[in-house]
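I am opening a notebook on a structure that is new to me, and I will write down what I looked up in the order in which I looked.

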Amino acid sequence: MSSSTNATLIIGDSNTRFLRFGAGKGTFGHKLPGKRLECFTIDQLDPTLCVGYKNVVVHCGVNNIKRGGGDVKHWANELTKKLKNICEICPYSKVIVSPILPTRSSWLNERAIEFNSILFGYCNTNARIGHFDFDSFVDEEGLLNQQFCRYKKPDDPIHLGSSGIF
């Protein structure tokens, strides 16, 4: 929990691993204090950890739908339940959800689009929840644009490179 009136909590998977708070190069700066918590799957998301933060950003879901072909509708509904719970226990927090990012896998992208459609449907009925738009990350084939991919591991379909993170 944070006592700052501008404190931000980022709960996210491996694509948020390089996001840093504090002062200095490569951070959000001293005027935006906060914390990043690892949460690789939706079932790991603990809404009680959001209490006391002005801004709550949630980014997870891809690991749920890629493993063993996880049920997309089930996991999208589970995330919406968690978001609803965050809104209930953090009535003064601004909640922002990140949809599943586009990937280099067409199979996974189809699942991500279905997941995101359910998620956006929920966001459109709850004025407390905002969401990011990653349409500009997609190339002409509907895949994650190469410029946002990891250069050292071009075969990695889901992780962003430095320009994607930036």
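Before reading any strand partners, I note that two strands pair if DSSP finds at least two bridges between them. I also keep in mind throughout that this is a predicted model.

**Entry 1: strand partners**

I began with strand β1, residues 8-12, and found that β1 and β3 pair in the parallel sense over five bridges. Within this pairing, T8 stands opposite N55 in β3. I then turned to strand β4, residues 94-97, which pairs with β3 in the parallel sense over four bridges; here V56 of β3 stands opposite V95 in β4.

**Entry 2: the cover of β3**

Since β3 had come up in both pairings, I asked how many of the residues of β3 are buried. Strand β3 spans residues 55-59, and five of its five residues are buried, which leaves the strand mostly covered. In a regular strand the side chains alternate between the two faces of the sheet. I therefore looked at the two sides of β3 separately, and both faces turned out to be covered. On one side I listed N55, V57 and H59 as buried, and on the other side V56 and V58.

**Entry 3: the cysteines**

Next I wanted to know how many disulfides the model holds. A disulfide is a covalent bond between the sulfur atoms of two cysteines. The cut-off for such a pair is 2.5 Å between the sulfur atoms, and by this rule I count zero disulfides. Why does C39 form no bond with the closest cysteine? The closest cysteine sulfur to that of C39 belongs to C60 and lies 4.1 Å away, which is too far for a bond. C39 itself is buried, with a relative accessible area of 1%. I checked C50 in the same manner and found that its sulfur is 5.3 Å from the closest cysteine sulfur, in C90, again too far for a bond. C50 also counts as buried, at 0% relative accessibility.

**Entry 4: the whole chain**

Finally I stepped back to the protein chain, in which I counted four helices and five strands. Read along the sequence, these elements follow the pattern β-β-β-α-α-β-α-β-α. Of the 166 residues of the chain, 46% count as buried. Among the contacts with a separation of 6 or more, I noted that 68% come from residues 24 or more positions apart. For the accessible surface of the protein chain I wrote down about 9000 Å², of which 54% belongs to carbon and sulfur atoms.

Definitions and conventions
Residues numbered from 1 in each chain as written. Predicted model: local features only at pLDDT ≥ 70, side-chain atom pairs only at ≥ 80, totals over all residues. Heavy atoms only, no water. Buried < 20%, exposed > 50% of the residue type's maximum accessible area, 1.4 Å probe, protein only. Contact = heavy atoms within 4.5 Å. Areas by Shrake-Rupley, 256 points an atom, 1.4 Å probe, with all protein chains shown as cover.
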